[in-house]
Amino acid sequence: MTYRKPVGYFVHHQGRGHAERSAAIANALIGQRPVTLFCARDDIFPELDERIALKRVPSLFEPIGDEVPALANVPMPDTVHCAPLGWHGITQAVGTITDWFNKNGPALFITDVSAELAQLARIASVPHVCVLQHGNRNDAGHMAAYQGAVGLIAPYHEALEQDDRPAWMRAKTHYAPGIGGAIGEYTSRDLARQRLGLEPDEGIVLVIAGGGGEGTPNTPLTLGARAEPDTRWITIGKVRSEWHETAPGNLEHRGWVDNPQDWIAAADRVVSSCGNTTVQMVCSIGRPWLVVPEWRYFDEQVRKAEALEREGLAAVLGDWPSDKAGWERAWAACEALSPEQQASIVESNAAQATADWIDRLVATLWQESADIRPPLEVVA
């Protein structure tokens, strides 16, 4: 039987985008070689192939209570972003991963995302691939991770690449537009409304609040909904209430849903931030789309929103409209958007194409053959 060296995959647990795209890649890759996922949570993944191993590791940024306060102010070097001293949880997580390195001799370690663990893999002599995100990431920590990587995976279309990404990075980047977004599984507006019990002829604005932040503020939504009393405004996801807002009757909150693609298909217009999965789903379906980026480290969503606006895929605001006129200007900017242009930046086979790219990369790096055996196999 041919032995295929395994792939490890670290999954950040903020929001759902990391888990969704890692699951898509792992499910596509598992038929070609063993895959082990490492994540601080095991309840954020869509369905995983039963052959995929999932190992829980302590969070790299959430304290567990035994941290040493005296070490909290020790300065961090420029080459890391989150590496506090005296955190036993981080020590445990690193120990779990490096023990797996030692016992399994992996072909590759994918980080989605952690500049620190990418550098750890390089130090441990394990080739690594970084999942690339938008943002101001020209700092020493990110660049050390990218320079040390044998490849990069960009979960977006090449047209959305930032202008400041150097040529050497682009040369080793695999672009995976549509990955993690269940592209190609969407239905028509009429059928979506039937599924959801919505009237076929009513106007609907959908507000998508993701899971990675503090929640979309409710107050500006009350202003937008009140300006359109004949239109039904529906939110999905986490909404943050403020004590002074007065909600109109045409604004309703559905909370977290498992079928956001149906809600997008049912909507006439969409308002959202620009997390990876949201971008893939909205562009796949194609709708007048207003983006208000959420705060993220390194201005991730700000830089992504700039790219979406540059390519004519979304109307972008730096902050929420604060009155009726602000909403009217925002909707007017959405009128020029083209569903066909939006659909052009996603692909339905991104997960399998990425799995194939990973497998080819590994085979090239290791010059794999049926004769290769695990490096730690003991011969008595």
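Which residues in α1 meet which residues in α13? In this predicted model, A24, I25, A28 and L29 are the ones on the α1 side, and they meet A351, Q352, T354, A355 and I358 in α13. Sorted by class, that contact comes out at seven nonpolar and two polar residues, with no charged residues at all. Two packed helices are described by the angle between their axes and the distance between the axes. Here, helix α1 covers residues 17-29 and helix α13 covers residues 350-366, and their axes come within 8 Å while crossing at roughly 65 degrees. As for its hand, the crossing of α1 and α13 is right-handed.

Now for the strands. Seven of them make up an open sheet, with parallel pairing and the order β3-β2-β1-β4-β5-β6-β7. The edges belong to β3 (53-56) and β7 (173-175), each with a single partner strand, so one side of each is left without a neighbour in the sheet. On average, and with direction ignored, neighbouring strands of this sheet are turned by 20 degrees against each other.

At the β7 edge, the pairing can be followed down to residues. Strand β6, made of residues 151-154, runs parallel to β7 and is joined to it by three bridges. Take L152: its bridge partner in β7 is T173. Over at other strands, helix α2 (residues 88-104) lies across β1 (7-11), β2 (35-39), β3 and β4 (108-112). Against β2, helix α2 runs at about 165 degrees. Edge strand β3 is thus among the strands that α2 lies across.

What about empty space inside the model? The structure holds one cavity of 30 Å³ or more, and the volume of the largest cavity is about 100 Å³. Its lining is made up of R21, L132, Q133, H134, P155, Y156, L160, N276, V279, Q280, E300 and K304. Two helices, α9 (276-285) and α10 (300-310), each supply at least two residues of that lining, and α9 gives the largest share, with three residues. The class make-up of the lining is mixed: five nonpolar, four polar and three charged residues. Charged residues thus appear in the lining of the largest cavity, whereas the contact of α1 with α13 has none. Helix α1 (residues 17-29) has a link to the cavity as well, through R21, which is one of the lining residues.

Terms used: Residues are numbered from 1 along each chain as its sequence is written. This is a predicted model: local features need pLDDT of at least 70, side-chain atom pairs count only at pLDDT 80 or more; totals for chains, interfaces and linings use all residues. Side-chain values use heavy atoms; hydrogens and water are left out. Two strands pair if DSSP finds at least two bridges between them. Helices (H or I, at least four residues) and strands (E, at least two) are DSSP runs, numbered from the N terminus. Axes are lines fitted to C-alpha atoms, for helices over the stretch in contact, and angles run from 0 to 180 degrees between N-to-C directions. Contact means heavy atoms within 4.5 Å. A crossing is left-handed if the near helix is turned anticlockwise from the far one by less than a right angle, and right-handed if clockwise. Ala, Val, Leu, Ile, Met, Phe, Trp, Tyr, Cys and Pro count as nonpolar, Asp, Glu, Lys and Arg as charged, and the others, Gly among them, as polar. On a 1 Å grid over the protein atoms alone, a cavity is a set of points where a 1.4 Å probe fits but cannot get out, and a pocket is an open set with protein on both sides within 12 Å along at least five of seven lines; lining residues have an atom within 4 Å of a point. Grid points are joined across faces, edges and corners, and a volume is the space filled by probe spheres set on the points.
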